[in-house]
Amino acid sequence: MSHAAPHGPPTGFIRTHVFSLDHKVIGRQYFDLALVAVLTGMVLSWLMRYHLAWPKAALPGLGVLSPDGAPSGVMTPELYLRLMTMHGTIMVFFVLTTAPFAAFGNFFLPIQVGAEDMAFPRFNMASFWVTFVAFLVLVSSFFVHEGPSLAGWTAYAPLSAVGKDAGPGEGAGQTLWAISIAIFCVGQLFGSLNFIATTLDLRTRGMSLARMPFSTWAWFTTSVIGLIAFAVLLPACLLLILDRVAGTSFFVPGGLVVSDRLVPHAGGSPLLWQHLFWFFGHPEVYIAILPGFGIVSHILPAFARKPLLGPRVMIGCLISIGFLSYTVWGHHMFVSGMNPFSAILFSVPTLIITIPATIATLLWIGTLYGSRLRFATPSLFCLGFISVFVTGGLSGLFLAQPSIDTYLHATYFVVGHFHLVMAVAAMFGIFAGVYFWFPKMYGRMMNETLGRWHFWLTFIGVYCIFMPMHYLGLAGNVRRYAVFSDDYLQPLMPLHRFITVAALATGAVQLLFLGNLIWSRFRGVPAPDNPWQATSLEWSTSSPPPFDNFGGRQVVVSHGPNEYGVAGPADFIMQDAPPGGQGA
Amino acid sequence: MGRLFAVVVTLFTVVSTALFVMHVWWLPPGISVVGSGVDRQINETMIMAGALFVISQLALACFAWRYADLGDARPVKTFPGGATPMVVASILLVGAEIVALTLVGSKVWAQNFMVDADPHALHIDVQAEQFAYYFRYAGADSAFGSMHPALINDANSNFFGLDPANDTTARDDIVAASLVVPVNRPIQLTLHSKDMGHSFYVPQLRLQQDFVPGMVIPLHFTANRTGKYEIVCTQLCGLGHYSMRAYLEVVTDERYGQWLKEQAP
Amino acid sequence: MSAVRPPERTAPGMTGVWTGIAAILMTFAALVSALVVRQGDGGDWRHFQLPPILIANTLVLMASSVVLWVGAHEPEARPARARAALALALVLGLGFVAGQLIAWRDLAAQGVYLATGPSGAFFFVFTALHAIHLLGGIAGLVYARRRLVAGIPGRTVDAAVTYWHFMGALWIGLLLTLAVSL
């Protein structure tokens, strides 16, 4: 085990920017990886949406990119499913896990607790590079002979387990998928271990647990969830790989006839994969969204200029959601053929999660009451987060009930639900975090006008995309279809075309964000140390922070992170201000 | 900016709520008694979720409008009562809602999945494969021939792996590509999968159940309206997943008897 | 720079090890529950004779823990003794891994391979994953010994030893699971 040996400032390009031990560099590396991943995932979703709306229309250039997948430019069903699989996998693992948790957490968790670095810098560096390799392995499946897997990001057995006979991409592509995810688990386990040890052991003098910022609390809770979740997905992927390459039968039952051939497996259990996968998969939803809870709770008071309502209750909500997330995985399997009585057992804790989620929402909305709300891009995205989280969360109320799920399961209602609550809400948390922390990460402010346009167009866009999916689901529109050829789906096609137009437009709006990001990184206005007049420790140091975060200064914390709206010359107290004193 | 936010949020709330209330896109008409229980449950949940949706979005809009950019001079106010009433209200109200929904919903769920089919139900075997469904009726002897995966052969239409040469019960089994059932008669399906996970979903029946390879899964329903409905696959099963469908034909008793005669081998 | 850190909280190594232990326990809990499901579900569970050498391997691993327990509990006060204990435990650990390889060959001689049946597959998966984690423990012992030689052990030795004891306990748990179910 590596001790937190103090390491000096690195020299040379490789040690400074590539194989750096500095948590801030690693955080930025994770951020850049997430950026590449999210652009990839978004382009895939454009192609999918275009095909869904106009299934017979050729897409110029697609035939050149994928001569097998889109002869003459019209997407084949198997290409659609491959894009869908890669979209889900890239977004869930390499964006929603890396950006809010690994990227921001790496950069800011040590600073927010007053540490010089993570507890285990070498493990930290390994965590990023292992994750990077996992991404390369996943993307490499685009370039193998048969292309990537078409089994979806959930990779249900036996489709994912019996090999090439199951369909195109179920050869090398699916094996690469499983290897990539197994590697990814290792990277995130290293990361979680670091976050936990850093939070518990490296807090500076006076930084009691109660004085930790909400974002730190959220990353800490998330890392505990991640530690357990990825520790289960890892062996599940190993067993899947063995079924595929070594001829074992963990997930493949006997007596299957695939492509007119009797499969040489016996006795395996497809439901076993589903249980192991969703034991990871549901907590993964909270790995994506809890950092958003933390980021919003962290940012909102700085813009409302008053303390977050019920700070301890909020931390209680984070922890109870984290705990409950391990009791509900079966709600993904109501109609899977598992014991129908257990459906009710899984339904109740799922519904109970509504309680801490409702409380958290009320606390945010209650914080706005009587505030002096400052409107800037970070606060706009926080408000947007609350709005989409409420909308997406409430549709979960339907899906949590087996009696209703038997109708809505695997329809676009589910797609709308999880995109709003897990993808869009989490993305809004990420956007709020980017606009809020960019000055600290890169020492320059982002362009505020572009930021606001980005918010308004995105906010309107995501509602236009994902709200109608609930209507589609109510009408029984099945998901994961390459073409809607069923008779009863034909009346829904205009709505699909509306969604596609909204998706293409909203996607294009993200170029504003990308442009702002790149432009501000090099040409933005130099940022002051504390542009938002916020209290936590990252704003007590320079923008960007020096190599050891506080320039060798002994940081002593005397205040909680929530001291806004106080009387005095400044309306807030920095966490490291002297006891009882004002400080800015 | 606060006003703009309030207006946009209110607009979304009103438009999306109206589209739900007006049933612009809605469930297709149901064709079973249990299905109407599902509809009731959806409606009740819709009212509760809708109320929470409207209240929270409007509160958000209201506060964003009211408290935007007031300048630093004004002291901030705490929400009346602080966090405690919110916690208590959430636990009590949401808790009561959970109890209510679970009590009513579990009954509906149980009717679909936890009670056995009517003892006089008509038994039909279903085989799902990439990318089709086949339905098997027992024939005159009311007994199904046993299934042998090694004998499954799509080329000669032996979708169930029957062995009529040695198995007398298999000889009169009727295999069809459509699920034809008499109206108002309890139906007991037995779901088998030849290869992958598939699913049996008829939106009008409000019924969905996966086929799991290696498992034999019972499913029952009673359709109370004649007509032709699509059975679609909802479990990703390979490249032709989108095209995997069959028809459920609910017919009168006479028509059913006639159809059975036409099918007899 | 390290003066910035309050001295009472400079044991992230121990926290890291306990956190790692939690994750590893979770991994094997998932595998054990997979075994239980698979054994109950498949109807193709084959019983076979566990290789007798596993008893010897277990004793070797327990001996290594005893060596560390006796020899390495005061690394700062008695560094020479701790160095020797770490070295001896390391050799015993390598001996355990070698013994596990012999057990695999024994199973192969019985005609049990990875793909022969679910019981054998679980045996190979359990032993292989445990051996990989044990090799991590050996790396930990090497690292701790290097820190000890350099005169800056901190709690590294304690952390490495804690992990090692856990590896022993985990192995006994796995062996019992296998003995009951195979």
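**Chains, contacts and a helix in a predicted model**

Of the 2 pairs of chains in contact, chains A and B share the most contacts. The model is predicted.

User: What makes up the contact between chain A and chain B, counted in residues?

Analyst: Chain B contributes 88 residues and chain A contributes 93 residues. On the side of chain B that touches chain A, at least two residues each come from helix H1 (2-21), helix H2 (33-66), helix H3 (83-113), strand E6 (198-202), strand E7 (207-211) and strand E9 (227-232) of chain B. The largest share, 16 residues, is supplied by H3(B). By class, this side of chain B holds 51 nonpolar, 26 polar and 11 charged residues.

User: How do you know that no contact joins chain B and chain C?

Analyst: A contact requires C-beta atoms, placed from the backbone, within 7 Å. No pair of residues from chain B and chain C is in contact, and the closest C-alpha atoms of these two chains lie 9 Å apart.

User: Which residues of chain C are then in contact with chain A, and how many are there?

Analyst: There are 37 residues of chain C in contact with 39 residues of chain A. Helix H1 (12-42), helix H4 (118-149) and helix H5 (156-181) of chain C each supply at least two residues of the side that touches chain A. H1(C) gives the largest share of that side, 18 residues. The side of chain C that touches chain A divides into 20 nonpolar, 12 polar and 5 charged residues.

User: What elements does chain C have, and what box do its C-alpha atoms fill?

Analyst: Chain C has 5 helices and 0 strands, and its elements read α-α-α-α-α from the N terminus on. Along the principal axes, the C-alpha atoms of chain C fill a box of roughly 60 × 30 × 20 Å. Of the 182 residues in chain C, 40% are buried. Among contacts in this chain between residues at least 6 apart in sequence, 77% join residues at least 24 apart.

User: Why is Val245(A) called partly exposed?

Analyst: The label buried needs 20 or more other C-beta atoms within 10 Å, and exposed needs 12 or fewer. Val245(A) has 13 such atoms, so Val245(A) falls in between and is called partly exposed. Val245(A) is found in helix H8 (residues 214-245) of chain A. Its C-alpha atom is separated by 8.1 Å from that of Thr175(A), a residue 70 residues apart along the chain.

User: How do you know that the span of H8(A) agrees with its number of residues?

Analyst: The expected span is 1.5 Å times one less than the number of residues. For the 32 residues of H8(A) this gives 46 Å, and the end C-alpha atoms are 45 Å apart, so the two values agree. H8(A) is also mostly covered, with 30 of its 32 residues buried. After H8(A) comes Gly247(A), with a positive phi near 75 degrees.

User: What makes strand E3 (174-176) and strand E8 (217-221) of chain B the edge strands?

Analyst: The sheet in question is open, has 5 strands in the order E3-E2-E1-E5-E8 (chain B), and shows mixed pairing. E3(B) and E8(B) each pair on one side only, and they are the edge strands. From one strand to the next, the twist averages 25 degrees.

User: How do you know that E1(B) and E5(B) count as paired?

Analyst: Pairing requires at least two bridges between two strands. Strand E1 (residues 122-129) and strand E5 (residues 187-193) of chain B are joined by 7 bridges, so they count as paired, and they run parallel. One bridge sets Gln127(B) opposite His192(B) in E5(B).

Notes:
Residues are numbered from 1 along each chain as its sequence is written. Chains are lettered from A and ligands numbered from 1 in the order in which they are written. This is a predicted model: local features need pLDDT of at least 70, side-chain atom pairs count only at pLDDT 80 or more; totals for chains, interfaces and linings use all residues. Helices (H or I, at least four residues) and strands (E, at least two) are DSSP runs, numbered from the N terminus. Ala, Val, Leu, Ile, Met, Phe, Trp, Tyr, Cys and Pro count as nonpolar, Asp, Glu, Lys and Arg as charged, and the others, Gly among them, as polar. Axes are lines fitted to C-alpha atoms, for helices over the stretch in contact, and angles run from 0 to 180 degrees between N-to-C directions.
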